Amino acid sequence: MDAAAAADWWRNAVIYQVYLRSFHDSDGDGVGDLRGVRSRLDYLVDLGIDALWITPFYTSPMADAGYDVADYRDVDPSYGTLADFRDLLADAHRRGLRVIVDVVPNHTSSQHPWFVEALADKPGGGARGRFHFCEGKGEHGELPPNNWPSIFGGPAWTRVTEEDGRPGQWYLHLFTPQQPDLNWENPQVRTEFEDILRFWLDLGVDGFRIDVANGLAKAPGYPDRIEGRLPEDRSLYLDRDDVHDIHRAWRHVLDTYGDDRIAVAEAWVPINRLALYLRPDELHQAFNFPYIKAGWSERDVRRVIEESLGGLGASASWVLSNHDEVRPVTRFGGGAHGLRRARAAALLMLALPGSAYIYQGDELGLPEVVDLPEEALRDPKWERSGHTDRGRDGCRVPLPWSGTTAPYGFGPDDSAATWLPQPDEWASLGAQLQAADHASPLNLYRRALELRRVLNRHGDGFEWRDSRDTPPGLLSFRRGGGFVCTVNFGPHDITTERPGELLLASAPLQLEGGLCVMPADTAAWWRTDSESWGTEQ
């Protein structure tokens with residue numbers, strides 16, 4: 001691979017999200033860990049990915065599954081040690097896998113030394129200046145400074161008790177009270193995080209996924225949200241233009257380590273705003289969340305693809321799910337119907353130009369676990385919402401690896417309980433069983449990723465295959481090397497002209513001479529130029 005190709009590795013990469021607590025447990029405590037990931041690297045190589053993104057493993061009291069960080073330069077004991085991470089990184093690199101780590105800059109843990117120092121400081125003191133401390137409203141400051149809501153439910157402000165025992169100032173937390181927001185107007189905060197990036201870059205990581213990348217800047221003076229605006233209007237504390245100066249500074253840090261280290265933004269913004277995060281002097285990629293929300297609709301999916309390729313260009317990325325979203329099988333209808341759509345959606349996503357992100361377990365066709373017992377729920381959304389929002393635990397249940405009874409090979413002890421309970425229905429979904437089944441979701445993913453490598457050698461070209469005879473509900477496009485992808489979004493079989501030689505399909509097709517009968521909720525890959533594909537598979 002030449003230098004230019006190495007620098008652009010991420011543009012067409014397939015990146016696999018490891019939700020660490022639920023990937024694989026090496027020590028039998030029911031919680032996934034770094035050694036567990038290391039022991040399963042060959043599985044990821046066989047799958048055919050290019051990189052893995054690992055969710056936070058830093059020292060944390062786990063109020064929000066590690067997204068409340070108490071020490072950004074060390075590993076939480078439940079996940080291992082810094083030496084374990086070094087070993088994992090070295091083994092991944094030896095296998096040709098790159099490693100992206102999570103960084104959480106919007107907030108710390110309430111147990112972070114800075115926040116402990118801030119609580120002991122006086123109002124207006126330097127330690128409090130690293131966070132958003134404000135006086136309350138009302139005659140005695142008994143009301144929050146403004147009406148901003150927490151994303152996890154309830155108000156975004158918590159009042160502290162001062163050292164003399166009296167109620168004191170309020171501090172901002174867009175998530176839980178255990179996650180106080182940092183004040184990015186404070187130079188100490190900016191300097192500290194640039195140093196944190198350098199710490200992990202010096203260890204050899206290949207990039208960062210930036211949590212809440214659009215949330216670091218808040219409106220000066222903390223004005224109230226205007227009553228009557230849509231509930232989703234969060235412009236006072238999300239996606240403010242000020243945030244881009246921070247990302248430019250981070251890009252400068254990354255570039256000092258060469259041109260192959262990357263940053264990926266988690267930013268829930270429209271595509272026209274997302275493009276601002278991907279300017280040449282800012283971040284490399286951003287998750288394409290509008291694509292997740294497009295649902296199973298030919299019209300909506302086509303619209304998002306057009307907007308993404310038009311607005312994001314070579315930085316386009318595609319994602320079907322993550323640790324915050326309902327799994328595709330369930331989101332697309334559940335049961336055999338949802339699985340059929342999820343398989344087709346996977347082929348569609350992997351056929352598009354740009355990079356693709358796979359959330360662990362989607363390659364196994366895992367459904368959302370919607371019936372977790374209330375006493376098992378861990379997501380802080382459950383408590384913050386007054387038990388009205390069950391949260392995200394259903395997509396975070398530990399993976400099934402082998403065997404037909406829980407914990408399905410998740411750890412070394414077959415009798416150990418996992419941190420979230422696994423359903424009996426997963427007995428047939430383990431990775432070991434699926435590896436032996438040619439028609440399994442796992443083998444569909446493996447074959448698709450194998451073919452995708454050939455496809456990407458033919459460039460990023462893309463054009464729709466439209467004609468007056470295109471049946472409603474059929475989406476079809478062409479890429480380089482004579483590659484064609486067709487997807488039937490409709491509720492009925494579609495008979496259409498056969499585009500070429502069948503490479504792969506998400507479900508069996510009926511081929512009759514020059515015609516193809518595509519069942520509902522099915523995707524297929526074709527080649528029209530056999531010379532450019534014949535010996536490369």
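Modeller: Helices, the elements by which loops are located here, are DSSP runs of at least four residues, numbered from the N terminus. In this predicted model, Tyr408 lies in the loop between H13 and H14.

Biologist: Which value does phi of Tyr408 take?

Modeller: Most residues other than glycine have a negative phi. Tyr408 departs from that pattern, with a positive phi near 55°. Its relative accessible area is 1%, so Tyr408 is classed as buried, the limit being under 20%.

Biologist: Which residues does the cis peptide bond join?

Modeller: As a general rule, most peptide bonds are trans. Here a cis bond links Ala406 to Pro407, with omega at about 10°. Pro407 is placed in the loop that runs between helix H13 (380-384) and helix H14 (431-435), and Tyr408 also lies in the loop between H13 and H14.

Biologist: Where is Asp239 placed, and between which elements?

Modeller: Asp239 sits in the loop between strand S9 (207-210) and helix H7 (243-255). Although Asp239 is not a glycine, its phi is positive, at about 60°. Is this residue buried or exposed? With a relative accessible area of 17%, Asp239 counts as buried.

Biologist: How should the overall form of the chain be read from its radius of gyration?

Modeller: The value is set against the expectation for a compact globule. For 537 residues that expectation is near 24 Å, and the chain has 24 Å, which agrees. The C-alpha trace spans about 85 × 50 × 45 Å along its principal axes. The chain comprises 16 helices and 21 strands, and residues 24 or more positions apart provide 66% of its contacts with a separation of 6 or more.

Biologist: What share of the residues is buried, and which residues have the most contacts inside the largest nonpolar core?

Modeller: Of the 537 residues, 58% are buried. The largest nonpolar core has 146 residues, and those with the most contacts inside it are Tyr16, Leu52, Phe57, Tyr291 and Trp525. Helix H12 (residues 335-351) supplies the largest share of this core, nine residues. A second, separate core has 15 residues, among them Cys134, Trp157, Leu172 and Leu236.

Biologist: What can be said of the surface and of the charges?

Modeller: The accessible surface of the chain is about 21100 Å², and carbon and sulfur atoms account for 49% of it. As for charge, the chain carries 55 positive and 82 negative side chains. The centres of these two sets are 3 Å apart.

Terms used:
Residues numbered from 1 in each chain as written. Predicted model: local features only at pLDDT ≥ 70, side-chain atom pairs only at ≥ 80, totals over all residues. Heavy atoms only, no water. Helix = DSSP H or I, 4+ residues; strand = E, 2+ residues; numbered from the N terminus. Rg over C-alpha atoms; globule rule 2.2 N^0.38 Å. Buried < 20%, exposed > 50% of the residue type's maximum accessible area, 1.4 Å probe, protein only. Contact = heavy atoms within 4.5 Å. Areas by Shrake-Rupley, 256 points an atom, 1.4 Å probe, with all protein chains shown as cover. Lys, Arg positive; Asp, Glu negative; His and termini not counted. Charge placed at Lys NZ, Arg CZ, Asp CG, Glu CD. Core = buried A, V, L, I, M, F, W, Y, C linked by side-chain atoms within 4.5 Å.
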